[in-house]
Amino acid sequence: MKNNKQLHKTGFYPGIYNYCDRICELCNKRDNCVNYVMEKKLEEKGIDLTDMNFQEHAGVGGYLKNLISVLDEIIVDIAKERNVEPDDIYMSEKITKYMYSDNNFTDYVEMDDEIDIFRICSIYNSMMRELLDYVFAKYDEDEVMDADYRLKLEDALFYVENYGNLINERLREAVSNNKKGNKAVADSNGFAKIALLIIDTSMESWTFIKTYLWSKRKAVDNILVVLRQLKSDVSVLYPDAMNFQRPGLD
């Protein structure tokens, strides 16, 4: 049962976006996620955060100043709609910590060649991309297919393709946070948990894809071996991960 006591008076689950799989269109908690609501507000205003035209925004500093101003306006709009104060959203979400602060990428670079889980992620991504290229080429040629089977296959391919890089990202967040005190260690378990859940879903998806790629079943089996090893290694590094209660999700 979901712990609805975690729901803040703002109508958001604080930090829910830290422990999700980022497939918003399939999430029934998206209206309780400040990231999702803010992104929709940006779309409504026609603002593209990837627009990094520094000349238009008077350099990097000007761009960042303009960006923070726009986000502040959006927070005010959301607060009015939800009959709360803007500070209620800022304080509950710790926005200065999660959204506006610079990420420390130094740990990521230093850890890249030192931790086996990242090597395994790299191996998996390489194998996944190679096999997905073959699957999509075959799929485009198959005009006759049972409708129910096609739907299940498309779901499996959707998860595999969307989850590929996310496993690596979540594990990097877990390892980085593991060095930063008790609260961060708890966050590490949360990041590790979503990585483990994504690995499980990826394994289930590949198992189904195997029925479609019977001629390539050895290649799929190899991918499953890699994912099982990755799951085992992550479980050893984070034995308490599955006990972590994700805000609004567990």
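Leaving sequence neighbours within four places out of the count, Asp-88 makes contact with three residues: His-8, Lys-9 and Thr-10. Asp-88 sits in helix H3, and with a relative accessibility of 18% it counts as buried, since the cut-off for that label is under 20%. That's a handy way into this model, which is a predicted one.

**The overall layout**

Stepping back, the protein has nine helices and zero strands. Read from the N terminus, the elements go α-α-α-α-α-α-α-α-α. Of its 250 residues, 41% count as buried. Contacts reach a long way along the chain too: among those with a separation of 6 or more, 74% are between residues 24 or more positions apart.

**How H6 packs**

Helix H6 covers residues 116-141 and packs with helix H9, residues 217-237. H6 also packs with H7, a helix that spans 147-177. Here are the two pairs next to each other.

| Pair | Angle | Axis distance | Handedness of crossing |
|---|---|---|---|
| H6 and H9 | about 155° | 10 Å | left-handed |
| H6 and H7 | about 160° | 11 Å | left-handed |

How do H6 and H9 run relative to each other, roughly parallel or roughly antiparallel? Their angle is about 155°, and angles over 145 degrees count as roughly antiparallel, so H6 and H9 get that description. On the H6 side, the contact is made by Ile-117, Ile-120, Cys-121, Ile-123, Tyr-124, Met-127, Met-128 and Leu-131. H9 brings a list that includes Ala-219, Val-220, Ile-223, Val-226, Leu-227, Leu-230 and Val-234, along with Asn-222, Gln-229 and Asp-233. Sorted by type, the residues of this contact come out as 16 nonpolar, two polar and one charged.

H6 and H7, with their angle of about 160°, are likewise roughly antiparallel. The make-up of the H6 contact with H7 is 15 nonpolar, four polar and five charged residues.

**The nonpolar cores**

Which residues have the most contacts inside the largest nonpolar core? They are Tyr-124, Ile-167, Leu-171, Trp-206, Ile-209, Leu-230 and Val-234, in a core of 45 residues. H6, H7, H8 (182-212) and H9 each put in at least two residues, and H8 gives the most, with eleven. Some of these names have come up already: Tyr-124, Leu-230 and Val-234 also take part in the contact of H6 with H9.

Ile-167 is a good one to click on. Not counting residues up to four places away in sequence, Ile-167 touches Cys-121, Tyr-124, Ala-195, Ile-198, Ile-199, Ser-202 and Leu-230. Apart from the largest core lies another one, made of 20 residues, among them Ile-16, Ile-78, Val-84 and Leu-249.

**A buried asparagine in H8**

Asn-189 belongs to helix H8. Is Asn-189 buried or exposed? It counts as buried, because its relative accessibility is 15% and the label applies under 20%. Beyond residues up to four places away in sequence, Asn-189 touches Tyr-238, Asp-240, Ala-241 and Phe-244.

**Ile-47, in a loop**

Ile-47 is found in the loop between H1 and H2. Its relative accessible area is 30%, which makes Ile-47 partly exposed. With neighbours within four places in sequence set aside, Ile-47 is in contact with Leu-42 and Val-70. Val-70 is 23 residues away from Ile-47 in sequence, and the C-alpha to C-alpha distance between the two is 9.0 Å.

**Two positive phi angles**

Most residues other than glycine have a negative phi. That makes the next two worth a look.

Arg-22 is not a glycine, yet it has a positive phi of about 65°. Arg-22 lies in the segment before helix H1 (34-44) and is partly exposed, with a relative accessible area of 42%.

Asn-83, also not a glycine, has a positive phi of about 60°. Where is Asn-83? Look in the loop between helix H2 (59-81) and helix H3 (86-93). Asn-83 counts as exposed, with 73% relative accessibility.

Note on methods: Residues are numbered from 1 along each chain as its sequence is written. This is a predicted model: local features need pLDDT of at least 70, side-chain atom pairs count only at pLDDT 80 or more; totals for chains, interfaces and linings use all residues. Side-chain values use heavy atoms; hydrogens and water are left out. Helices (H or I, at least four residues) and strands (E, at least two) are DSSP runs, numbered from the N terminus. Buried means under 20% relative accessible area, exposed over 50%, partly exposed in between (1.4 Å probe, protein chains only). Axes are lines fitted to C-alpha atoms, for helices over the stretch in contact, and angles run from 0 to 180 degrees between N-to-C directions. Angles under 35 degrees count as roughly parallel, over 145 as roughly antiparallel, 65 to 115 as roughly perpendicular and the rest as oblique. A crossing is left-handed if the near helix is turned anticlockwise from the far one by less than a right angle, and right-handed if clockwise. Contact means heavy atoms within 4.5 Å. Ala, Val, Leu, Ile, Met, Phe, Trp, Tyr, Cys and Pro count as nonpolar, Asp, Glu, Lys and Arg as charged, and the others, Gly among them, as polar. A nonpolar core is a set of buried Ala, Val, Leu, Ile, Met, Phe, Trp, Tyr and Cys residues joined through side-chain atoms within 4.5 Å.
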